[in-house]
Every structure is written in C-alpha cells, then in structure tokens.
Amino acid sequence: MKIALGSDHGGYALKMSIIEHLKERGIEFTDKGCFDEKSCDYPVYAKAVTAAVNSGEADLGILVCGTGIGMSMAANKVKGIRAALCHDNFSAQATREHNNANVLCLGARVVGPGLALMIVDTFLDTPFSNDERHIRRISMIED
C-alpha cells in the first residue's frame, strides 16, 4: 500500500506526525507538500494528492488542513475521488466499508494527534465491503 499525503500550513504539523506514524508501520508514502508552516493555498495540495490517487501512483490519500473542510471540498471536485472528512473512528471505518473512500481528510485544529493517528489506522486498515448496495450507490455518485 502506498499513501499520498498533503497539507496546507494549518495541517503541516499533523501531517508530519502522520508521516512518522506511517514510517513506524512500514507503510510507503509520498509527501506532496506543503513542506513548512508558511501560509499557502490548500487546493494546490488537494490537487497533487488526488492526482496521485487517480493515476495509481498512490492507493489512498490523506489531506490535512485546519478543519479538513477545505481539503474535503477541493478533493471532492476531482472526478474519481471520494474524499471523506473524518473526526472519529466510526466514520473512518464506515466510509471505507460503505463508500470505498480513497482520500481521508482531517482537521488539525479539530482532532489531536493521538486521535488522528487512530483515525488514519482505521481508514487504512478497513477494506471496502464489496456489498452490491454499496457498489450501486458509489456508481450513482460517479455518474
């Protein structure tokens, strides 16, 4: 599994914590930026991560900004992306099982690093259910 990560300045510190966590778990990743805490525009990094997911360079993406809302909105504008803003483990599990979400969005000013890492683990470790009803619903979203 390979993960593409991106953040704006507000999510930079949490993104770096997630990167360290991925290293500890032995999960391959690519960091699409930003690379410091200087003010920047989150859509740039949402586009970079979603392009990596859509091209197959990465299997899944993780985007972090202050609230997660902006990243989620930007990512979901990209065809083929099903980005989910999650602030709890149940949502992370359900969005993988039911929606086959391929990008996780997190709000660094909403969840602390401990909970964020648990959400990341849940998102990465939960497979899509492949239930017919969920496949049908995803097809309806993509049409």
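Let me begin with I62, which, leaving out residues up to four places away in sequence, touches I3, A4, L5, G6, I18, V49, L104, L106 and V120. I should say at once that this is a predicted model, and everything that follows should be heard with that in mind.

I62 belongs to the largest nonpolar core, a set of 23 residues in which I62, together with I18 and L106, touches the most other members. At least two residues of this core come from each of β1 (2-7), α1 (12-25), β3 (60-65), β5 (103-107) and α5 (113-125), and the largest share, six residues, is supplied by α5. As a general remark, nonpolar side chains in soluble globular proteins tend to be buried together. There is also a second core, separate from the one I have just described, with 19 residues that include Y12, V49, L63 and C65.

Since α1 and α5 both contribute to the largest core, let me turn to how these two helices meet. In general, two packed helices are described by the angle between their axes and the distance between the axes. For α1 and α5 the angle is about 50°, and the axes are 10 Å apart. Because angles between 35 and 65 degrees fall outside both the roughly parallel and the roughly perpendicular ranges, α1 and α5 count as oblique to each other. Their crossing is right-handed. On the α1 side the contact is made by L14, S17, I18, H21, L22 and R25, and on the α5 side by P113, A116, L117, V120, D121, L124 and D125.

Now to the cysteines, where I would ask how many disulfides the model contains. The count comes to zero. A disulfide, in general, is a covalent bond between the sulfur atoms of two cysteines. The pair to look at is C34 and C40: the cysteine sulfur closest to that of C34 is in C40, at 4.0 Å, and this is too far for a bond because the cut-off is 2.5 Å. Seen from the other partner, the closest cysteine sulfur to that of C40 is in C34, again at 4.0 Å. Both count as buried, C34 with a relative accessibility of 3% and C40 with a relative accessible area of 18%.

As for its setting, C34 lies in the loop between β2 (28-31) and α2 (42-55). Apart from residues up to four places away in sequence, C34 touches S7, D8, H9, Y12, K15, C40 and Y45. C34 and G6 are 28 residues apart in sequence, yet their C-alpha atoms are 6.5 Å apart in space.

I will finish with two further helical residues, T95 and K47, and with the matter of which is buried and which is exposed. T95, in helix α4 (residues 89-99), is buried, with a relative accessible area of 7%. Its contacts, leaving aside neighbours within four places in sequence, are A84, C86, N100, A101 and F123. K47, by contrast, lies in helix α2 and is exposed, its relative accessible area being 58%. The C-alpha atoms of K47 and G80 are separated by 12 Å, with these positions 33 residues apart along the chain as the separation in sequence.

Terms used: Residues numbered from 1 in each chain as written. Predicted model: local features only at pLDDT ≥ 70, side-chain atom pairs only at ≥ 80, totals over all residues. Heavy atoms only, no water. Core = buried A, V, L, I, M, F, W, Y, C linked by side-chain atoms within 4.5 Å. Buried < 20%, exposed > 50% of the residue type's maximum accessible area, 1.4 Å probe, protein only. Helix = DSSP H or I, 4+ residues; strand = E, 2+ residues; numbered from the N terminus. Contact = heavy atoms within 4.5 Å. Axes fitted to C-alpha atoms, helices over the stretch in contact; angles between N-to-C directions. Parallel < 35°, antiparallel > 145°, perpendicular 65-115°, else oblique. Left-handed = near helix turned anticlockwise from the far one by under 90°.
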